[in-house]
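Here is a short report on one chain. Read it with the coordinates open.

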Amino acid sequence: MRCTHWRRVPPHLLCEAWERAVSGCVDRVVRCQSAVHESGPHHGFLDDLAPYGTALWLRWSGADDVALAALPDCPVVAPRPGGDACCLFAGHGGAHTWETLDVRRTPPDEGTPP
Ligand SMILES: [Zn+2]
Ligand SMILES: [Zn+2]
C-alpha cells in the first residue's frame, strides 16, 4: 500500500521546480510516493534533475511545512532477474516501490525454464 496523502504545490515552489526540472513539466498536485508510513514527512515526485540519478521532490509534513528537496535516486533494485528499480530516493524509510506494487498488475514472468 502506498501513502494516500496528496499536496498542492505552493506557487512559489512550483515556479522554482519549473526552472530546475529537466522536462519542465511539473504536476501542480502530487501524491506521496512512499509506502504507508506513520511518521516522517511525505515525499511527492516532481521531476528528474541533472545530473542523471537525481530527482526533485516536494517534501511536506504539515500545512505550512513544505519544501523542495533534490535527492539521489534509491539504488536498490528488486532482487530478481531484470528487477525493477525503486522509484524513491536514497535513504527513504519503509518499503521500496517494487515491494508495494500491486501484484495483480505485474505481468507474468516470460521465458522461465521449466
Ligand atoms: Zn506519505
Ligand atoms: Zn528504494
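Three strands, in the order E3-E4-E5, form an open sheet with antiparallel pairing. E3 and E5 are the edge strands, each pairing on one side only. Direction ignored, neighbouring strands of this sheet are turned by 30° against each other on average. The model is predicted.

**Pairing within the sheet**

E3 covers residues 42-49 and runs antiparallel to E4, with seven bridges joining the two. Four residues lie between the strands in the hairpin of E3 and E4. In that hairpin Gly-53 takes a positive phi near 95°. E4 covers residues 54-60 and E5 covers residues 66-72. These two pair in the antiparallel sense, also over seven bridges. The hairpin from E4 to E5 passes through five residues.

The table sets the two pairings side by side.

| Strands | Sense | Bridges | Hairpin residues | One opposed pair |
|---|---|---|---|---|
| E3 and E4 | antiparallel | seven | four | Gly-44 and Leu-58 |
| E4 and E5 | antiparallel | seven | five | Leu-56 and Ala-70 |

A further pair belongs to E4 and E5: Trp-57 has Ala-69 as its bridge partner in E5. In a regular strand, side chains alternate between the two faces of the sheet.

**Helix and core**

What lies across the three strands? Helix H1, residues 11-20, lies across E3, E4 and E5. H1 runs at about 25° to E5.

The largest nonpolar core has 13 residues. Those with the most contacts inside this core are Ala-17, Leu-46, Leu-56, Trp-57 and Leu-58. Which strand gives the core its largest share? E4 does, with five residues. In soluble globular proteins, nonpolar side chains tend to be buried together.

Trp-57 deserves a look of its own. Residues up to four places away in sequence aside, Trp-57 touches His-43, Gly-44, Phe-45 and Leu-46. Trp-57 also touches Ala-69, Leu-71 and Phe-89. Ala-69 among these is the bridge partner of Trp-57 in E5. Leu-46 among them is one of the core residues with the most contacts.

**The loop at Gly-94**

Gly-94 lies in the loop between E5 and helix H2, residues 97-100. Is Gly-94 buried, exposed or partly exposed? Gly-94 counts as partly exposed because it has 15 C-beta neighbours inside 10 Å, and a buried residue needs 20 or more while an exposed one has 12 or fewer. Leaving aside neighbours within four places in sequence, Gly-94 is in contact with Ser-34, Ala-35 and His-37. His-37 is 57 residues from Gly-94 along the chain, yet their C-alpha atoms are separated by 7.3 Å.

**The chain as a whole**

The chain has two helices and five strands. Along the sequence they follow the pattern β-α-β-β-β-β-α. Of the 114 residues, buried ones make up 17%. Take the contacts with a separation of 6 or more: residues 24 or more positions apart account for 38% of them.

**Confidence**

The chain averages a pLDDT of 87, and 88% of the residues score at least 70. Over residues 103-108 the pLDDT is below 50. Beyond near neighbours in sequence, this stretch has one contact in the model. Where pLDDT is low, the predicted coordinates should not be read in detail.

Terms used:
Residues numbered from 1 in each chain as written. Chains lettered and ligands numbered in written order. Predicted model: local features only at pLDDT ≥ 70, side-chain atom pairs only at ≥ 80, totals over all residues. Pairing = 2+ DSSP bridges. Axes fitted to C-alpha atoms, helices over the stretch in contact; angles between N-to-C directions. Contact = placed C-beta atoms within 7 Å. Core = buried A, V, L, I, M, F, W, Y, C linked by C-beta atoms within 7 Å. pLDDT = per-residue confidence, 0-100.
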